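Biologist: Please take me through one part of this model closely, the ligand site and the strands around it. Begin at the surface and work inwards.

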Amino acid sequence: MRFILFGAPGVGKGTQAKILSSRLNIPHISTGDILRKSVKDRTQMGIAAKIIMDAGELVSDEIMIGIIKETLDSDLCKNGFILDGFPRTIAQAQALDLLLAEITINHISLVAITANEEEIVSRLTNRRECKNCKNIFNYREIKGSDSCPNCGAKNSFRQRDDDNEDVIRHRLSVYHASTKPVLKYYEDQNKVVFVNGLDPIEKVTENILRAITIKKKLATSAL
Ligand code: AMP
């Protein structure tokens, strides 16, 4: 199975990708996570990317396409993958088409997760990550607690540097200007399924699984 989880920042792509990756036993490829690891490791790319990420801007297509090419070419992805955060521009979507053609993959679905903007801002300003297990929580769920409900790590909650309201609003405007057109690009190829991101997490997961299975069957029977 190969699919893209698409949607505005904070819509739940990362949460769903983690669940689906373990349910389907395929890797979760998050370009944001790859960049954050380079920032943590203080690589040359990471140092340059941090400034762009903290401002809520997009890292250059050239860098992002290079990262994805290296990842998709690796053995890790040979039995499938979930893309989270890529493609974010038309140039990235076109490059992905070429990369998939090179590795003879002829079908990929795009799952568009939807939610209204005020809900997104509220989710992101309240988003906390456990530094240890990387699980995401809403601040309201963990308020007053000093240990992670998932792994038990003590004092491990952190807020992402780009999760403050001004940067969030800027990331949403970048999403509308540069990333939303990617949806039309895939709609024109009849590869899109829509899922309501405001449903409970388990229901969103089931809806995604159902939608991508149907889409894949239809695509295979049309070949
Ligand atoms: P995310 O974790 O997906 O919200 O990504 C965090 C930040 O990493 C974004 O706001 C961008 O600055 C950068 N980023 C992640 N993926 C991409 C991409 N495909 N193209 C450009 N920048 C990206």
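**From a surface loop to the ligand**

Modeller: Lys134 counts as partly exposed, because its relative accessibility is 38% and the partly exposed class runs between 20% and 50%. Keep in mind that this is a predicted model. Lys134 sits in the loop between S5 and S6. Its phi is positive, about 70 degrees, although Lys134 is not a glycine. Most residues other than glycine have a negative phi.

The strands on either side of that loop pair with each other. S5 (residues 127-130) and S6 run antiparallel and are joined by three bridges. Within that pair, Arg128 stands opposite Phe137 of S6. A third strand completes an open antiparallel sheet, in the order S6-S5-S7. S6 (136-138) and S7 (157-158) are its edge strands, and each pairs on one side only.

Past S7 comes a loop that leads to helix H8 (165-187), and Asp163 lies in it. Is Asp163 buried or exposed? Asp163 is buried, because its relative accessible area is 1% and the limit for buried is under 20%. Its side chain makes a polar contact of 2.9 Å with the side chain of Arg127.

Now the wider frame. The protein has nine helices and eight strands. Its C-alpha atoms fill a box of roughly 55 × 40 × 35 Å along the principal axes. Its radius of gyration is 17 Å, which agrees with the value near 17 Å for a compact globule of 223 residues. Of those 223 residues, 44% count as buried.

Next, the strands that lead to the site. S3 (residues 81-84) pairs with two strands described here. S1 (residues 2-6) runs parallel to S3, with four bridges between them. S2 (residues 28-30) also runs parallel to S3, joined by three bridges. Asp84 of S3 is a useful marker in both pairs. Leu5 stands opposite Asp84, and Ser30 stands opposite Asp84 too. Strands of a sheet pair through backbone hydrogen bonds, either parallel or antiparallel.

S1 also pairs with S4 (residues 109-114), in the parallel sense and over four bridges. There, Ile4 stands opposite Leu110.

How well are these strands covered? In a regular strand the side chains alternate between the two faces of the sheet. In S3, Phe81 and Leu83 lie on one side, Ile82 and Asp84 on the other, and all are buried. Both faces of S3 are therefore covered, since the cut-off for buried is under 20%. S1 is mostly covered, with four of its five residues buried.

Two loops flank these strands. Asn25 is in the loop between helix H1 (13-24) and S2. Asn25 is exposed, because its relative accessible area is 69% and exposed means over 50%. Like Lys134, Asn25 has a positive phi without being a glycine, here about 60 degrees. The other loop, between S3 and H5, holds Pro87. The peptide bond from Phe86 to Pro87 is cis, with omega near 0 degrees. Most peptide bonds are trans.

H5 (residues 90-102) includes Ile90. Ile90 is partly exposed, since its relative accessible area is 29%. Its C-alpha lies 24 Å from that of Ala211, across a sequence gap of 121 residues.

That brings us to the ligand. Which residues are closest to it? In a shell of 16 residues, the closest are Thr31, Arg36, Glu57, Gly85 and Gln92. By class, the shell holds six nonpolar, four polar and six charged residues. Helix H2 (residues 31-40) gives the most to the shell, with four residues.

Nitrogen atoms of the ligand feature in several distances. Gln92 places a polar side-chain atom 2.9 Å from a ligand nitrogen. Arg88 does so with a polar side-chain atom at 3.0 Å. Val59 uses its backbone instead, with an N or O atom 3.1 Å from a nitrogen of the ligand. Alone, the ligand would expose 480 Å², and the protein buries 96% of that area.

Key. Residues are numbered from 1 along each chain as its sequence is written. This is a predicted model: local features need pLDDT of at least 70, side-chain atom pairs count only at pLDDT 80 or more; totals for chains, interfaces and linings use all residues. Side-chain values use heavy atoms; hydrogens and water are left out. A residue is near a molecule or strand if one of its heavy atoms lies within 4 Å of it. A polar contact is a pair of N or O atoms within 3.5 Å; within protein, one must be able to donate a hydrogen and the other to accept it, and residues adjacent in sequence count only if both atoms are side-chain atoms. Accessible areas come from the Shrake-Rupley method with a 1.4 Å probe; for residues, only the protein chains shown count as cover. Ala, Val, Leu, Ile, Met, Phe, Trp, Tyr, Cys and Pro count as nonpolar, Asp, Glu, Lys and Arg as charged, and the others, Gly among them, as polar. Buried means under 20% relative accessible area, exposed over 50%, partly exposed in between (1.4 Å probe, protein chains only). Two strands pair if DSSP finds at least two bridges between them. The radius of gyration is taken over C-alpha atoms; the globule rule is 2.2 Å times the number of residues to the power 0.38.
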